[in-house]
Amino acid sequence: LTFLGLESSCDDTAAAVVRVGPDGAQILSSVVAGQTELHAPFGGVVPEIAARAHAEKLDLCVEEALTESGLALRDLDGIAVTAGPGLIGGVMSGVMCAKGLAAGSGLPLIGVNHLAGHALTPRLTDDLAFPYLMLLVSGGHCQFLIAHGPEEFSRLGGTIDDAPGEAFDKTAKLLGLPQPGGPVVEAEAAQGDPKAFAFPRPLLDRPGCDMSFSGLKTALLRARDAVVAEHGGLPRQVRRDLCASFQAAVRDTLAEKSRRALAQYLALNPAQPCFAVAGGVAANKAIRAALETVSSEMGVAFTAPPLRLCTDNAAMIAFAGIERFRTGAQDGMDLTARPRWPLDQSAPALLGSGK
Ligand code: ATP
Ligand code: FE
């Protein structure tokens, strides 16, 4: 099966062609057009600007993805598109574009949950069978899920406030660093002392695998203000130390909560327990390494997608579309864009198509 995938739920316009055959999955092309410069003057993603940019770039991305794959629409078996959750204008642009392509070519249309795209990525890049435990950690989400099937996820716990990706972005903003914050803060942190500042690791004293990251942001703001008051500015090395200490707090929280989620998961006696991480923050090397350590300590296999497949891309959407299509699912021209769409309610009946 070969699918074209479209992604436009946040600030990346993406198109990709993925093939799943007897010997596994293959990414034939994956085009990602970012919008960082467009949003830079505003210090965050502006939904109207994002929607317009998606509408303008989608066709070009599709054309490029097809050309790169060496295939034409008639060579494909279906079209998958992110139908939510995300910024509604962008999701609508993608859904409209996919509907047009499906109508024009007669190919099946498959709406995909963006979070399912992230959560299934470890199956695209590794030989991973259901069920597996997953930490989905991204710009807007942070949750432990058991993946039972392409559309069946049960949630063990997650953040009760901010997502770590959002915390990385806010940290960058507070320290005068560019967006997206994750990669920049990681690079600064590599040259800083993670023990320089004692930032909180909230909820570690409480049982379960819920997490909180909003207090960390406040602590960072206070620490920064104290440094600025003392030095009259933010010395380069102190900024690195702040980044390293912040990253260590996120890393430790995710690692400890993963330990607990794994214990809960292992109590269910899965046959070949495996732990996977995905989402933008999974691109962080310190965090990946900590999760890998926890997994090996608990005797569980660990997998994480390559960095470029952690952040938003359309290969994960094409792949999730194939996974959903194989269950017999298909959407009609009444497929709707959904701003909110929790992953543990991914039943096809909730998609709006009723199929
Ligand atoms: P969601 O998937 O929850 O709807 P999103 O699609 O905006 O949100 P992703 O593209 O999955 O999020 O991830 C982007 C987030 O990942 C950003 O907040 C970014 O700062 C963060 N991120 C990217 N690379 C890294 C990194 N190396 N370290 C930490 N965070 C990172
Ligand atoms: Fe995402």
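1. G182 is found in helix α6. The model is predicted, and the remarks below concern this residue, the ligand shell and the sheet. With 25 C-beta neighbours inside 10 Å, G182 counts as buried, because 20 or more are needed for that class. Apart from neighbours within four places in sequence, G182 is in contact with G165, F168, G280, V281, A283 and N284.

2. G139 sits in the loop between β6 and β7. This residue is buried too, as 23 other C-beta atoms lie within 10 Å of G139 and the cut-off is 20 or more. Its contacts, leaving aside neighbours within four places in sequence, are C10, A163, G165, E166 and G280. G165 and G280 appear in this list, and both are also contacts of G182.

3. Ligand 1 has 24 residues around it, of which G139, G140, G165, G182 and G280 come nearest. By class, the shell holds 14 polar, six nonpolar and four charged residues; glycine is counted among the polar ones. Helices α4 (114-125), α5 (164-174) and α6 (181-189) each supply at least two residues of the shell.

4. The UniProt record, an unreviewed entry, gives a "binding site" annotation covering L136, V137, S138, G139, G140, D169, G182, E186 and N284. Such annotations may be inferred rather than shown by experiment. G139, G140 and G182, all on that list, are among the residues that come nearest to ligand 1 in the model. N284, also annotated, is in contact with G182.

5. An open sheet of five strands runs in the order β8-β7-β6-β9-β10, with mixed pairing. The edge strands are β8 (152-158) and β10 (301-303); each has a single partner strand, so one side of each lacks a neighbour in the sheet. Neighbouring strands are turned by 25° against each other on average, direction ignored.

6. Within this sheet, β6 (residues 132-137) and β9 (residues 274-278) pair in the parallel sense over four bridges. L136 has A278 of β9 as its bridge partner; L136 is also one of the residues in the UniProt "binding site" annotation.

7. Helix α8 (residues 236-266) lies across β6, β7 (142-149), β8 and β9. The helix runs at about 155° to β6.

8. UniProt, again in an unreviewed entry, lists residues 26-319 as "domain: Gcp-like". In the model this span is 49% helix and 17% strand. The C-alpha atoms at its two ends lie 9 Å apart.

Methods: Residues are numbered from 1 along each chain as its sequence is written. Chains are lettered from A and ligands numbered from 1 in the order in which they are written. This is a predicted model: local features need pLDDT of at least 70, side-chain atom pairs count only at pLDDT 80 or more; totals for chains, interfaces and linings use all residues. A residue is near a molecule or strand if its C-beta atom, placed from the backbone, lies within 6 Å of it. Two strands pair if DSSP finds at least two bridges between them. Axes are lines fitted to C-alpha atoms, for helices over the stretch in contact, and angles run from 0 to 180 degrees between N-to-C directions. Two residues are in contact if their C-beta atoms, placed from the backbone, lie within 7 Å. A residue is buried if 20 or more other C-beta atoms lie within 10 Å of its own, exposed if 12 or fewer, and partly exposed in between; C-beta atoms are placed from the backbone.
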